[in-house]
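User: I have a structure to go through and have not seen it before. Can you take me through it in short steps?
Analyst: Yes, here it is.
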Amino acid sequence: MELRRCAVVWVEPREVAHFALDDLLAGGTGVVSRMAWFAHAPHLGGAFEVDAAAVPPLGEVSPVDWVPREQLDLRFGAEVVDALVDAGLLLGRREDEAVLADAGYRVLGWHAAAAVAHLATRWEAVDGPRGMAEQGLDSNEGLLRQHGSPPPLEAPAEHLAPCVRLPRPARDDFDGLLDTRATCRNFDPFAELPLATFSRVMARVFGTRGVGHPAPGFDVVKRTSPSGGALHPVECFLIVQRVAGITPGLYRYRMDGHALEAVVPRAPPPCNGDAGVRPGDVDAQVAWGPEALHAFARIAVAGQDFFADAPVLCVLAPRFHRNFWKYRNHAKAYRVCVLDAGHLSQTLQLCATEAGLGPFVTGAINEVDLERAFGMDPRVQSPIAVCGFGPRAATLRESEFDPNRKVWPRG
Ligand SMILES: Cc1cc2nc3c(=O)[nH]c(=O)nc-3n(C[C@H](O)[C@H](O)[C@H](O)COP(=O)(O)O)c2cc1C
C-alpha cells in the first residue's frame with residue numbers, strides 16, 4: 001500500500017481551556033489549560049486535534065509523491081501512521097470519503113491560506129448576542145471598559161499636509177435615497193411582502209441585465225453590481241417567510257429565468273430556540289413549515305432575533321470555483337468573492353430602501369448550519385453573508401442608526 005499526504009494541511013499550536021471542578025475545589029480558578037495541536041485540513045471541512053506525534057509526518061510526507069506504507073511505519077511508527085490514515089490526513093489510492101474530498105479539493109483552485117481561513121472562521125450553532133452578553137460586550141460601556149477607547153474615526157491629518165477643500169455638492173433625489181438607507185432591526189413580524197415588490201428587488205439586485213460570451217463555453221452576465229472578472233460567483237439562496245403568492249420555504253434564485261427554485265431542506269426542521277440545525281437523513285427530508293423556517297432564520301443570523309423577523313432573508317453564497325476557475329490558487333481570489341458579496345448587499349440595501357423597505361446585512365451567521373440545510377459542500381459553495389428586507393414595524397424597539405431621523409421621524 002502507498003500513501004501520500006493530503007493536498008493542504010496547516011498545523012496550529014492552540015491553548016485549550018476547560019473547566020475543572022477538582023482545580024476549583026483545590027483553590028484554583030477552575031480553568032485548566034493545556035497546549036494542543038490542531039490540523040486545519042480544508043478537504044475535511046475544518047480543524048481537529050491531532051496528537052503531537054502526528055505533527056512531524058505531516059511536515060515530512062509529500063502531498064504529491066506516493067511512498068510505500070512500510071517506509072512510513074519504520075520512520076514514524078505504525079500507530080502514528082494508522083491515526084493519520086484514520087483522520088484522512090494521509091491518503092491511500094483507494095477511493096474512500098477523505099480521498100475523494102482531497103481529490104475534489106485539489107481541482108477546485110483554492111489558495112491554501114484562503115481555504116484554511118474560510119473553513120476555520122465558519123460558525124455552527126453560535127448565538128452571537130448571547131456570546132457578547134456572556135463576555136459583557138453587549139453594551140458600549142462594557143466595550144469601553146474592556147477594550148479601552150476605539151481608534152479615532154479618522155487618522156489625524158499629517159502635520160504639514162495641505163488640504164484641498166472640495167465644493168459642497170448640490171442635493172438631488174439620489175441623496176434622498178442614500179439618506180434613508182438604514183440597517184433595519186425592526187421588521188413587522190406579520191407583514192407580507194407584495195409579490196411584485198419582492199420580484200423587483202430580486203431582479204434589480206440578483207437578476208441579469210445583459211450577457212456576454214467572451215469565448216465558446218464561457219458566458220458572463222451583467223448585474224447591477226460589479227464582480228471580479230464579471231464571473232458573478234455569488235448565488236442567492238432564500239429563506240422566504242412571507243411573500244404574497246409564494247409558499248414559505250427555502251429557495252435558490254435562478255438568474256437565468258428570474259425564478260425561484262425550491263430547495264428541499266437537507267436536515268430535519270429546527271424548533272423554536274434551537275441554536276443550530278441537526279444533521280439528518282438527506283433523502284428523508286420534507287419542506288419546512290413557518291415555525292421551522294423562523295427558527296432557521298434565527299439560526300442563520302446567529303440568534304439575532306431582530307433580523308429573523310424579516311419576510312425574506314438572502315444567503316449570499318459564492319460558488320468558489322466559478323471565480324477560482326480563472327484565478328486559480330490566486331492570493332486575491334477568495335477576497336474578491338467576499339467583495340462581490342459586499343457589493344450585492346449594498347445594492348440590495350439601496351433597492352430595498354427605494355421600495356420603501358428596511359434592509360439589513362450581517363456577517364454574524366452560522367455558515368455550517370446554512371450549508372447543512374441548503375446542502376452545500378463548503379469547499380464548493382459556502383455563505384459569506386446574510387441580507388434581508390421587508391416592511392418596518394410601526395414602532396422602534398431595537399436601536400437603529402438614524403441620527404438625522406430620516407427613517408424614524410421624531411415622535
Ligand atoms: C459586513 C457587515 C456586517 C454587519 N453585521 C451586523 C450584525 O451582525 N448585526 C447587526 O446588528 N448589524 C450588523 N451590520 C450592520 C451595521 O451594524 C450597520 O451598518 C452600522 O451600525 C451602521 O448603520 P447603518 O447601516 O444604518 O448606516 C453589519 C454591517 C455590515 C456592512
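User: How many residues does helix α10 have, and how far does it reach from its first C-alpha to its last?
Analyst: Helix α10, residues 195-206, has twelve residues and reaches 16 Å, close to the 16 Å expected at 1.5 Å a residue. The expected span is 1.5 Å times one less than the number of residues. Helices (H or I, at least four residues) and strands (E, at least two) are DSSP runs, numbered from the N terminus.
User: Which residues in α10 are buried?
Analyst: T197, F198, V201, M202, V205 and F206. Buried means under 20% relative accessible area, exposed over 50%, and partly exposed in between, with a 1.4 Å probe and protein chains only.
User: Why are they on the same side of α10?
Analyst: Because they cover an arc of only 130 degrees around the axis. The arc is taken over the directions from the helix axis to the C-beta atoms. In general, an α-helix has 3.6 residues a turn, so residues three or four places apart point the same way.
User: Where does this model come from?
Analyst: It is a predicted model: local features need pLDDT of at least 70, side-chain atom pairs count only at pLDDT 80 or more, and totals for chains, interfaces and linings use all residues. Residues are numbered from 1 along each chain as its sequence is written, and side-chain values use heavy atoms, with hydrogens and water left out.
User: Now the ligand. Which residues are around it?
Analyst: R181, A182, T183, R185, Q304, F306, F307, V361, T362, G363, A364 and F401. To be near, a residue needs a heavy atom within 4 Å of the ligand. Both α12 (305-308) and β13 (358-362) supply at least two residues of that shell.
User: Which polar contacts, and how much of the ligand does the protein bury?
Analyst: A polar contact here is a pair of N or O atoms within 3.5 Å. The side chain of R185 has an N or O atom 2.8 Å from a ligand oxygen. Backbone N or O atoms of V361 and G363 lie 3.4 Å and 3.5 Å from a ligand nitrogen, respectively. Taken alone the ligand exposes 610 Å², and the protein buries 57% of that. Those areas come from the Shrake-Rupley method with a 1.4 Å probe.
User: Different spot: is A54 buried or exposed?
Analyst: A54 counts as buried, at 5% relative accessibility. A54 is in the loop between β4 (46-50) and α2 (55-60).
User: And the whole protein?
Analyst: The protein has 15 helices and 14 strands. Of its 411 residues, 42% count as buried.

Note on methods. Polar contact = N/O pair within 3.5 Å; in protein donor to acceptor, adjacent residues only side chain to side chain.
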